[in-house]
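Q: Please take a close look at one single part of this structure and explain how its pieces are arranged, and what lies against them.

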Amino acid sequence: MRGKRKPALATQLDLAVTSPDADVARLKAQVRESARNEPGVYLMRGAHGEVLYVGKSTQVRTRLLSYFRLPWPEHRHARLLRETTRIEWEAHPSEFAALLREVRLIRAHLPRYNVRSARPLDKWWVITIAKGPAPRLRIQRASAAARSRDIAQMVGPFASRRPLQDALRVLNDALGLRDCTDRVPMHMRDVAGLFDDMHPAMQRTPGCHRFETRRCLGPCVGAPSEYEYRAQLVRAKAVLEGRDDTPQQQLVREMAVASAALSYERAGWLRDRLTALQELEGQLGRVRQALTRPSFVYAVPGRDADDRLYLVRHGRVMAEARCSDPGAVNAMQAIEARPVQPPTGAMVDQLDELLLVESWFRGRNGDGALVADTVVGALEQLAAHVRTLQQP
């Protein structure tokens, strides 16, 4: 047994004393020898196999070699190389395919060296509604929401947090929803009524002034029943989904009353609250427009004739197929034929793909895209594109 343990110990010591410069030189030699200039993604892994960074390039070899020319220790990517023990890369037939793969890898690993510009979810904010007896509307980074397990619904994405804070404060006040932290215990009247005699601690005082000023239903003191609170939560969801504008109409009526009473200061305060809700509705309208856009099929000519089809539905990639694979194309047609209800909010696990598709077709990369309503139409467009390229 002792003889078997010595080699393992020697290996560990050998790894421990390896020079960072020697590791960098070894990685550089591997990239020079094996990597090719083609579209693809690459992963940099640490000593324990963890993914430190995910990147994408249309010329993978050139991009990887550029890391080895960066000044150390000033540049963060030069410091990244000193932590990297293995670099992996994979080729893809097009830039769009590489972008889609990059987004999915970043979503899966959330590498710490991918800053916000390269981690799409870190740049955006969402409104979330959690599970529990008295859920609250909460503003979170999209990346944090994607990792959470207690979210029942998410609405977004939004580029800025501040307008959301103002709008949700108005919405909470209008509907009586709580805005306190999750550390505050909730006691609905349904439960509190059963145990008041046995538990004097249930006779509570409000944790904030909102209950006293009638801007919160008071679930912290057991004032509403669970049904009463959830009814208001349903109304909040309807507002966020564009199906209810009652809070805005109420503010308009209160503004008219204040103006008629010459209470201009209050009228101005109400106007600011109405503006906050209107700005939120404008942002929500843009989100809903992206989510409910019609389905289409995107055909992408690929390197080495590896052409691909992407079924995009409600702003997200629902299926992918190689044009040379009849089985995959038939499977995509089957998915295409299924009726799908438009979503009312962004899906946590595909929000980053929604952002990718939006930016791709909005920017220069979407110009001249081979897009059709059906798989057959996309294949016809692709065939016509190939014939055009073959013409002298």
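A: Contact here means heavy atoms within 4.5 Å, while axes are lines fitted to C-alpha atoms, for helices over the stretch in contact, with angles from 0 to 180 degrees between N-to-C directions. The model is predicted, so local features need pLDDT of at least 70, side-chain atom pairs count only at pLDDT 80 or more, and totals for chains, interfaces and linings use all residues. Residues are numbered from 1 along each chain as its sequence is written, and side-chain values use heavy atoms, without hydrogens and water.

The part chosen is an open sheet in which four strands follow the order β9-β8-β7-β10 with antiparallel pairing (strands are DSSP runs of E, at least two residues, and helices runs of H or I, at least four; a pair needs at least two DSSP bridges). Because β9 (316-322) and β10 (370-372) stand at the edges with a single partner strand each, one side of each has no neighbour in the sheet. On average, neighbouring strands are turned by 25° against each other, direction ignored.

Within the sheet, β7 (residues 296-300) and β8 (residues 308-313) run antiparallel and are joined by five bridges; V300 has R308 in β8 as its bridge partner. Helix α5 (residues 95-109) packs on this sheet, where it touches β7, β8 and β9 and makes about 125° with the direction of β9. Helix α14 (residues 375-390), in turn, lies across β7, β8 and β10 and runs at about 150° to β10.

A further helix, α12 (residues 326-337), holds E336, whose contacts, neighbours within four places in sequence aside, are V297, L311, R313, D373, T374 and V375.
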